Protein chains: 2
Amino acid sequence: MAPVKEETTELRILEAAREVFTRKGMAGTRMQEVADAAGINKALLHYYFRDKQRLFEGVFKGSAEKQFGCIWDSLQQCDSLFPAIEAFVGAYLERVIEEPGLPLFLANEMSRDPEGLAAFIDRGQGSRARFLKLVEEARARGEIIDIDPRELLVNIMALCAHPFIARPMLAHIHGITEEGFRRMILKRRKTVPEFIIRSIRA
Amino acid sequence: MAPVKEETTELRILEAAREVFTRKGMAGTRMQEVADAAGINKALLHYYFRDKQRLFEGVFKGSAEKQFGCIWDSLQQCDSLFPAIEAFVGAYLERVIEEPGLPLFLANEMSRDPEGLAAFIDRGQGSRARFLKLVEEARARGEIIDIDPRELLVNIMALCAHPFIARPMLAHIHGITEEGFRRMILKRRKTVPEFIIRSIRA
DNA sequence: GGCAATATTAACCATTTGGTTAAAATTCGT
DNA sequence: ACGAATTTTAACCAAATGGTTAATATTGCC
């Protein structure tokens, strides 16, 4: 019938775990605290997710693959660079705002175990190649200045990801709220592509 | 009497602790591991630094605060925006390349305990205000387009910090080495200010 | 209703961990 | 050389923590 936010125990656990993990990090999270936050017994955590590592991956890995799959795919429908940049930045910000802990999680996991997420990264390989080709083509048509395509991609990723990673810093500096942060991110859907395109337009 | 890198025990501890803390974070760091890395007994750690929290602060004050103090200070000698951007980006990249784990470490600690590092952030408050003023002035003089100064600062920080935070990802994607990464960062001392200034110049 | 499968809990357990203590080694002024 | 102060260590300890077990409650099926 109507999928009314099915309140299964497993979902309650995942929700609670995500909250605690993003706040305290893998090492700083206590299984007991997750259990409390989910309103269940600690043993039940191990019943649903065998151990801490699996719980951690259960929380982030799935959504990471889903979200970033969509983000990269947003490129596939674009056949010139500027719309591609707009599409990518828009998709990134819109998806990640729904799960703002993802970028920091990914940075940490990559740092701790580079091989572990290699497959995940390679997933975007095709779209990445496509993006680089779009840059070359735009360059050939004289639409943009001479710039290293890989460096451009790094800059785009930087402008997308950093506000999420530095969120607590921004929150402190600008005394920003949850809702204020959201507005800032959504505003960046326009300003970031503009910022980039102004910089590279021939 | 050349000050030949006085190898006092306290310095060995601080050095070892800095390395472990930045790699594993506050919660993930084990006092035993720091002791081992410093080649001393664990009890000696508590002899020099009463507890984990004080050790953490001791390391942090000597390392992160000094580095970022210099980076922010690089602004003080500039009296117009574009040179200020060049100085800031240059100082950031040159200093942080010597301790590439720092940005991710800071992002994590800010996320875990926002209050704990609040004082550290406020340290840069003066320079931050100065930067914002330089932006206003440049805009008043018609040197740059109309842009939210705070958003500009976020973008600058993003372009500086992100390569360090995403290093393992870049390493995997571009098959980059330690030395290659260093070269890329040093090249960005030029390309990043250029990228920014092209985007904001009126 | 009854019974097998699933979900949930309280009580435990082994290990890890931050921190202490008391004794041994070293340094240093005299 | 000697004794006091400082530095260093080995052995401990109590609390916290990830994880297990065995028993209980609940659900779903006939």
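In this predicted model, a phosphate oxygen of DNA strand D is 3.2 Å from a polar backbone atom of T29(A), and the phosphates of DNA strand D are also approached by backbone N or O atoms of M31(A), at 3.1 Å, and of K52(A), at 2.9 Å. On DNA strand C, the phosphate oxygens are met by side-chain N or O atoms of Y47(A) and Y48(A), and by a backbone N or O atom of K52(B). Chain A and chain B bury about 4,000 Å² between them, while domain 1 and domain 2 of chain A bury about 300 Å² between them.

**DNA strand D**

- Around DNA strand D there are 15 residues, of which R30(A), K42(A), K52(A), Y47(B) and Y48(B) come nearest, so that both protein chains are represented among these nearest residues.
- Of the atoms of DNA strand D that lie within 4 Å of the protein, 58% belong to sugar or phosphate, and the remainder belong to bases.
- The helix α3 (42-48) of chain A and the helix α3 (42-48) of chain B each supply at least two residues of the surface near DNA strand D, and the largest share, 4 residues, comes from α3(B).
- Sorted by class, the surface near DNA strand D is made up of 7 nonpolar, 4 polar and 4 charged residues.

**DNA strand C**

- DNA strand C likewise has 15 residues around it, and those that come nearest are Y47(A), Y48(A), R30(B), K42(B) and K52(B); sugar and phosphate account for 59% of the atoms of this strand that come within 4 Å of the protein.
- The side chain of Y47(A) places an N or O atom 2.8 Å from a phosphate oxygen of DNA strand C, and an N or O atom in the side chain of Y48(A) is also 2.8 Å from a phosphate oxygen of DNA strand C.
- From chain B, a backbone N or O atom of K52(B) lies 2.8 Å from a phosphate oxygen of DNA strand C, and the elements that give two or more residues to the surface near this strand are α3 of chain A together with α3 of chain B.
- It is α3(A) that gives the most to the surface near DNA strand C, with 4 residues, and by class that surface has 7 nonpolar, 4 polar and 4 charged residues.

**Interface of chain A and chain B**

- In the contact between the two protein chains, 43 residues of chain A meet 40 residues of chain B, and of the area of about 4,000 Å² that the chains bury between them, 67% is on carbon and sulfur atoms.
- Across this interface there are 2 salt bridges, one of which may be described by its residues: R188(B) pairs with E151(A), with the closest N and O atoms 3.9 Å apart.
- Between chain A and chain B, 13 residue pairs are in polar contact, counting pairs in which both residues are at pLDDT 80 or more.
- On the side of chain A that touches chain B, at least two residues are supplied by each of α1 (9-28), α6 (102-112), α7 (118-122), α9 (149-165), α10 (167-174) and α11 (178-200), and among these helices α9(A) gives the most, with 12 residues.
- The residues on that side of chain A divide into 24 nonpolar, 11 polar and 8 charged.

**Domains of chain A**

- The domain assignment of chain A gives domain 1 as residues 1-49 and domain 2 as residues 60-200, and the C-alpha centres of these two domains lie 29 Å apart.
- The contact between the domains takes 4 residues from domain 1 of chain A and 4 residues from domain 2 of chain A.
- Of the area of about 300 Å² buried between the two domains, 73% is on carbon and sulfur atoms; within domain 1, R18(A), T22(A) and M26(A) lose the most area to domain 2, together 86% of what that side buries.
- Across the interface of the two domains there is 1 salt bridge, and R18(A) forms a salt bridge with E99(A), the closest N and O atoms being 3.1 Å apart.
- The count of residue pairs in polar contact between domain 1 and domain 2 of chain A is 1, with both residues at pLDDT 80 or more, and the residues on the side of domain 1 that touches domain 2 divide into 2 nonpolar, 1 polar and 1 charged.

Conventions: Residues numbered from 1 in each chain as written. Chains lettered and ligands numbered in written order. Predicted model: local features only at pLDDT ≥ 70, side-chain atom pairs only at ≥ 80, totals over all residues. Heavy atoms only, no water. Domains from an automatic or database assignment. Contact = heavy atoms within 4.5 Å. Buried area = accessible area lost by both parts, 1.4 Å probe. Salt bridge = Lys/Arg side-chain N within 4 Å of Asp/Glu carboxyl O. Polar contact = N/O pair within 3.5 Å; in protein donor to acceptor, adjacent residues only side chain to side chain. Nonpolar A, V, L, I, M, F, W, Y, C, P; charged D, E, K, R; others polar. Near = heavy atom within 4 Å.
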